[in-house]
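User: I'm new to this structure and would like a close look at a single part of it. Could you walk me through the sheet, and then show me what lies around it?

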Amino acid sequence: MNLSNSFAFIPFFATAAEAVAILVLLFIIKRRSTARISFTMFTADTLLLAVSLVGALMGGRTDGTALTIIGLLMFLTGLVVIPYLVVLATFEPKHIVTLVSHEENERIDEANRAYNAASSGADLASLTANGQADAALMAISRSFAEKASHSFAEEKGLSSLLDFVNKTVKEKTGADGAAILLVDDFEDVIAVKAFDGDFPPPYKLPDDMPHKQVRITTNFKFASFPFHDNVFGDIASSAEPELITQPELDSRIYQNGPEDFLECGSYIFVPLTTGGSVIGEIALARKKGSPLFTEDELTLATTLGEFAASSIKTVISVRELIEYNDAAKEGEIAASIQKAIVPAKLPKIDGAQLGVFLNAAEDVCGDYYDIIVSRKDRVSFVMSDIAGKGLNSLVIMIMVRAMIRLVVNSMQSAGTILSWVNRGIAGESYSNDHFGSCALINYNPEAQEIECAAGGNTPVLLIDGETGEYTRLTEEAEVIGADKTVEYKNFVQKVKSGDIIVTYTDGLVEALNSDGRQYSVEKLIEVVKSKATASGKDIAAAVKSDVKKFIGTADQHDDQSLLVIKIQ
């Protein structure tokens, strides 16, 4: 085959692997009924797979450049579809239904009328005399709850709710500026999440910041504060609302002046508390020269803060629950797909005994192995460790598996095949931050010979059946999926009866015990040597037992996989 034309294979092989991935996603979508998938979609994808395979077979018979361009166009066409199908495959329809009685509707209509009256310009405090204040407050509370209910399924629902609450409280209290800050337990800070109006900052601005209103407003919109040495953190820590009408006498308020828009007027700070915990804070400001906030306005802001806290906490809790359920559902889907692509049982191989195990650290495992009996003079063994977890990494795993299975039946060497696989996935949008280690071993039982190649930290070892000495057959190389220009070396080795070939993922030899010691390659070789006369299955079982004993009660943080090939 002409070497220049051989590169035309690559986009077609990549497209074929892509078609396999699309087919898997279509089956998932159809099974979960997240969208209607017609027979036409399955037919179109099958045709894409068939055409790409035909294009690959024609690579050496016509102009390589033309075929490469056609293959790349096909590949990019399929690439557009994959992210959409992944979304459909993981989408979980969510429905929120609110049932309201006729009597409740009557009360709501009355409250809404009062709320509309308040919104049209009437002051809430002035409504107390005629008994409408409670109805108006109830209407505002309901408006918060309604906005919260609409926020559950929206991508930016929480931000939308916070903006709505912030503007409502600002309007009802007559503040010049308002902000809502939420507690970030992970970072141990309270951060601004909503902002509106003119808010003279009560904290010290950075020394190098120009005193321009736009710059200062932007700084405040993205600011966060610790729970000490500033007014926001101190009030959140105390969980008590506070009215400040003489900021120049309060050590917590920093006067940034001398510009007019930086001069502090009066402030109201209301912690957002629910279930005994502070989840955030409402901060209200009036500029110097505006009327000072009053105790009545502090009481009103505190009442509105209680309404807001309940609605905000509800949205946060529901979104956390949805995210947890989505992650759990994604994990279940990925785990079930992965289970389907790992060989259900080991095939019988002439002249070799096999042993294998795979221990997943979590439900979704980044490791996988494969055994492909392609023809009489070639049996291929794959051990791979894909970085990351979830469906995105699983798509990469499926594509690597599909591409290898498509080309191992060719006359190409293990190094060439691994290089093609690398070019097929490296540098594409779906593989950003997704890469992996992979070892490919081609065994020829007729010639008693193996050829192998490896990328990343998945090596191939040979333990001599006569001397017990071990040799690392492959060299360290770049991971697959990171750099499409990498060419993987091919290593050829004669084998004889009693020789043992071992490949594994790094989670096995880097497993830690309670003392923080690693299991190590040396420990692995020691166990293999001690069972050198046993079958491949018994050798793998002995290693699995020894690793488990070594780890003891220590937590497992990475997947552990081992493949043993004992030559008969």
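**The sheet and its surroundings**

Analyst: Happy to help, and the largest cavity makes a good way in: its lining is made up of 8 nonpolar, 3 polar and 2 charged residues. Please keep in mind throughout that this is a predicted model.

Let's stay with that cavity for a moment. The model has 2 cavities of 30 Å³ or more, and the largest holds about 100 Å³ of space. It is lined by 13 residues, of which F199, P200, Q213, T217 and F261 come closest to the centre. Two elements, strand β2 (189-197) and helix α8 (213-221), each give at least two residues to this lining. The biggest contribution is that of α8, with 4 residues.

Strand β2 leads us to the sheet. This is an open sheet of 6 strands, and reading across it the order is β3-β2-β1-β6-β5-β4, with antiparallel pairing. At the edges are β3 (224-225) and β4 (242-244), each of which pairs on one side only. If you are new to sheets, it helps to know that strands pair through backbone hydrogen bonds, either parallel or antiparallel.

Now follow the strand order towards β6. Strand β1 (residues 177-184) runs antiparallel to β6, and 6 bridges join the two. To find this pairing on your screen, look for L181, which stands opposite E281 in β6. On β6 itself, which spans residues 277-287, 8 of the 11 residues are buried, so the strand is largely enclosed by the rest of the structure.

Next in the order comes β5 (residues 264-274), which pairs with β6 in the antiparallel sense over 10 bridges. Here a good landmark is I268, whose bridge partner in β6 is L284. Strands β5 and β6 form a hairpin with 2 residues between them, and in this hairpin G275 has a positive phi near 60 degrees.

That brings us to the edge strand β4. It is joined to β5 by 3 bridges, and the two strands run antiparallel. You can locate this pairing at E242, which has F269 in β5 as its bridge partner. While you look along any of these strands, remember that in a regular strand the side chains alternate between the two faces of the sheet.

Back at β2, there is a loop worth a visit. P202 sits in the loop between β2 and α8. Its relative accessibility is 2%, so P202 counts as buried. Although P202 and I253 are 51 residues apart along the chain, their C-alpha atoms are separated by 5.0 Å.

Now for some helices, starting with α7. Helix α7 covers residues 157-173, and its 17 residues should span 24 Å at 1.5 Å a residue; the end C-alpha atoms are 24 Å apart, which agrees. Its buried residues include L161, L162, V165 and V169, and also N166, K170 and K172. After α7 comes G174, with a positive phi near 70 degrees.

Further along the chain, helix α12 (residues 414-425) contains G415. G415 has a relative accessibility of 2%, so it counts as buried. The C-alpha atoms of G415 and L440 are separated by 8.2 Å, with the two residues 25 apart along the chain.

Two more helices let you compare their sides. In α14 (residues 521-530), the residues L524, I525, V527 and V528 are buried. Viewed down the axis, the buried residues of α14 fall within an arc of 160 degrees, so they line one face of the helix. Turn to the other side of α14 and you find E522, E526 and S530 exposed.

Helix α15 (residues 536-551) has 16 residues and reaches 23 Å from its first C-alpha to its last, close to the 22 Å expected at 1.5 Å a residue. Among its buried residues are I539, V543, V547, F550 and I551, together with D546. The buried residues of α15 cover an arc of only 160 degrees around the axis, which puts them on the same side of the helix. On the other side of α15, K537, K548 and K549 are exposed.

Methods. Residues are numbered from 1 along each chain as its sequence is written. This is a predicted model: local features need pLDDT of at least 70, side-chain atom pairs count only at pLDDT 80 or more; totals for chains, interfaces and linings use all residues. Side-chain values use heavy atoms; hydrogens and water are left out. On a 1 Å grid over the protein atoms alone, a cavity is a set of points where a 1.4 Å probe fits but cannot get out, and a pocket is an open set with protein on both sides within 12 Å along at least five of seven lines; lining residues have an atom within 4 Å of a point. Grid points are joined across faces, edges and corners, and a volume is the space filled by probe spheres set on the points. Ala, Val, Leu, Ile, Met, Phe, Trp, Tyr, Cys and Pro count as nonpolar, Asp, Glu, Lys and Arg as charged, and the others, Gly among them, as polar. The expected span of a helix is 1.5 Å times one less than its number of residues. Buried means under 20% relative accessible area, exposed over 50%, partly exposed in between (1.4 Å probe, protein chains only). Two strands pair if DSSP finds at least two bridges between them. The arc is that of the directions from the helix axis to the C-beta atoms.
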